[in-house]
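The following exercises ask the reader to work from a sequence and its model towards a description of the fold. Each task is followed by a solution in steps.

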Amino acid sequence: MALHPEGMFTTGPLAHLVGLAAGGPEPLEWEVLRFGRATRTEYWDPAWRHTPQTLASQLDYMATAFSEEFFATCPEGTRQAWRTAAGAKSVPVFMTELAMLLRLGDREGDAPYEDVPLAAWEVRARFPLLLSLDGWAYDGEFASYEESMRAYIEGEHPYCSYEVVPRLTQALEARTLCDESAAFAASFRKFAPEATPETLAVITRTTFTHMTEHHT
């Protein structure tokens with residue numbers, strides 16, 4: 001079986017964070033704090049089920065074990081991203097500093113959206129099931145979005161644990177955060193325009209009705 005240890009550089013949340021550090025217009029400290037908001041074990045997408053402390057330890061190991069010979073086996077685009085993110089520093093020094101930022105961010109807890117605005121990538125990571133919501137309502141088959149949502153849920157039954165329940169969870173979290181933070185609400189409307197308050201209310205109502213009728 002082929003081994004691909006270069007995957008620690010090319011894939012996963014750390015590679016995503018390095019890409020933001022290399023090409024993003026906003027401070028790395030902001031992206032690390034957003035990263036902390038996104039890396040939660042209860043999230044639906046397993047790609048984000050990592051903790052900052054674990055990833056910081058991984059970076060510590062990568063910095064200690066770093067060699068130019070091994071790094072040269074990574075794709076050119078990956079090497080460029082890491083070197084760009086490191087700037088004037090060496091890649092191992094950047095790894096160590098990034099690990100420190102992850103640990104500090106984890107200690108601080110969730111950054112308020114008024115201080116660190118919600119980012120588009122964060123919405124994609126945390127609310128992926130709320131990004132394509134109007135397709136069923138406007139294809140001519142259903143008279144209303146609520147009718148289309150009921151049909152969708154019935155079509156998924158009895159395997160509701162796969163997408164129906166996670167979509168409900170994401171809708172409830174988004175509604176709660178919109179109520180709690182005007183800054184979150186403004187950014188969320190921009191990055192997830194289909195997930196209007198009315199649409200989120202429909203998802204919540206129809207899913208709860210289905211769960212009460214069929215899963216109690």
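**Exercise 1. The packing of H4 and H7**

In which crossing, left-handed or right-handed, does H4 pass H7? Determine also how the two helices are oriented and which residues form their contact.

Solution. The model is a predicted one.

Step 1. Locate the helices: H4 covers residues 52–65, and H7 covers residues 91–108.

Step 2. Consider the geometry. The axes of H4 and H7 lie 8 Å apart, and the angle between them is about 165 degrees. Angles over 145 degrees count as roughly antiparallel. H4 and H7 are therefore roughly antiparallel to each other.

Step 3. State the handedness: the crossing in which H4 passes H7 is left-handed.

Step 4. List the contact. H4 contributes Pro52, Gln53, Leu55, Ala56, Ser57, Leu59, Asp60, Met62 and Ala63, and these meet Pro92, Met95, Thr96, Leu98, Ala99, Leu102, Arg103 and Asp106 of H7. Sorted by class, the contact of H4 with H7 holds eleven nonpolar, three polar and three charged residues.

**Exercise 2. The packing of H6 and H7**

Describe how H6 is placed against H7, and classify the residues of their contact.

Solution. Step 1. Helix H6 spans residues 76–86, and its axis comes within 9 Å of the axis of H7, with a crossing angle of roughly 70 degrees. That makes H6 roughly perpendicular to H7.

Step 2. The crossing of H6 past H7 is left-handed.

Step 3. On the side of H6, the contact consists of Trp82, Arg83, Ala85 and Ala86; on the side of H7, it consists of Val91, Phe94 and Met95. The contact of H6 with H7 comprises six nonpolar residues, no polar ones and one charged residue.

**Exercise 3. The nonpolar cores**

Which members of the largest nonpolar core touch the most other members? Trace the elements that supply this core, and examine Trp82 and Thr78 of H6.

Solution. Step 1. The largest nonpolar core has 30 residues, and those touching the most other members are Phe9, Leu59, Trp82, Met95, Leu102 and Trp121.

Step 2. Two or more residues of this core come from each of helix H2 (12–23), helix H3 (28–38), H4, H6, H7 and helix H8 (120–126). H7 supplies the largest share, namely seven residues.

Step 3. A separate core has 22 residues, including Tyr113, Leu118, Ile153 and Ala195.

Step 4. Neighbours within four places in sequence being left aside, Trp82 is in contact with Met8, Phe9, Val18, Leu59, Met62, Phe71, Val91, Phe94 and Met95.

Step 5. Thr78 is also placed in helix H6. Its relative accessibility is 14%, so Thr78 counts as buried, the limit being under 20%. With neighbours within four places in sequence again excluded, Thr78 is in contact with Phe9 and Thr10.

**Exercise 4. The later helices and a cis peptide bond**

Which residues of H11 are buried? Continue with Arg167, and then characterise the bond and the surroundings of His157.

Solution. Step 1. Helix H11 comprises residues 182–191, and within H11 Phe184, Ala185, Ser187 and Phe188 are buried. Among the elements that cover these residues are H8, helix H10 (164–180) and helix H12 (197–214).

Step 2. Arg167 belongs to helix H10. Because its relative accessibility is 6%, Arg167 counts as buried. Arg167 and Ile203 are 36 residues apart along the chain, while their C-alpha atoms are separated by 7.9 Å.

Step 3. His157 lies in the loop between H9 and H10. A cis peptide bond, with omega about 10 degrees, joins His157 to Pro158.

Step 4. His157 has a relative accessibility of 31% and therefore counts as partly exposed. Apart from neighbours within four places in sequence, His157 is in contact with His210, His214 and His215. From His157 to His214 the C-alpha distance is 8.8 Å, although the two are 57 residues apart in sequence.

**Exercise 5. The whole protein**

How many helices and how many strands does the protein have? Add its dimensions and the proportion of buried residues.

Solution. Step 1. The protein has twelve helices and zero strands.

Step 2. Along the principal axes, the C-alpha atoms fill a box of roughly 60 × 45 × 35 Å.

Step 3. Of its 216 residues, 40% count as buried.

Step 4. Among contacts with a separation of 6 or more, 74% are between residues 24 or more positions apart.

Methods: Residues numbered from 1 in each chain as written. Predicted model: local features only at pLDDT ≥ 70, side-chain atom pairs only at ≥ 80, totals over all residues. Heavy atoms only, no water. Axes fitted to C-alpha atoms, helices over the stretch in contact; angles between N-to-C directions. Helix = DSSP H or I, 4+ residues; strand = E, 2+ residues; numbered from the N terminus. Parallel < 35°, antiparallel > 145°, perpendicular 65-115°, else oblique. Left-handed = near helix turned anticlockwise from the far one by under 90°. Contact = heavy atoms within 4.5 Å. Nonpolar A, V, L, I, M, F, W, Y, C, P; charged D, E, K, R; others polar. Core = buried A, V, L, I, M, F, W, Y, C linked by side-chain atoms within 4.5 Å. Buried < 20%, exposed > 50% of the residue type's maximum accessible area, 1.4 Å probe, protein only.
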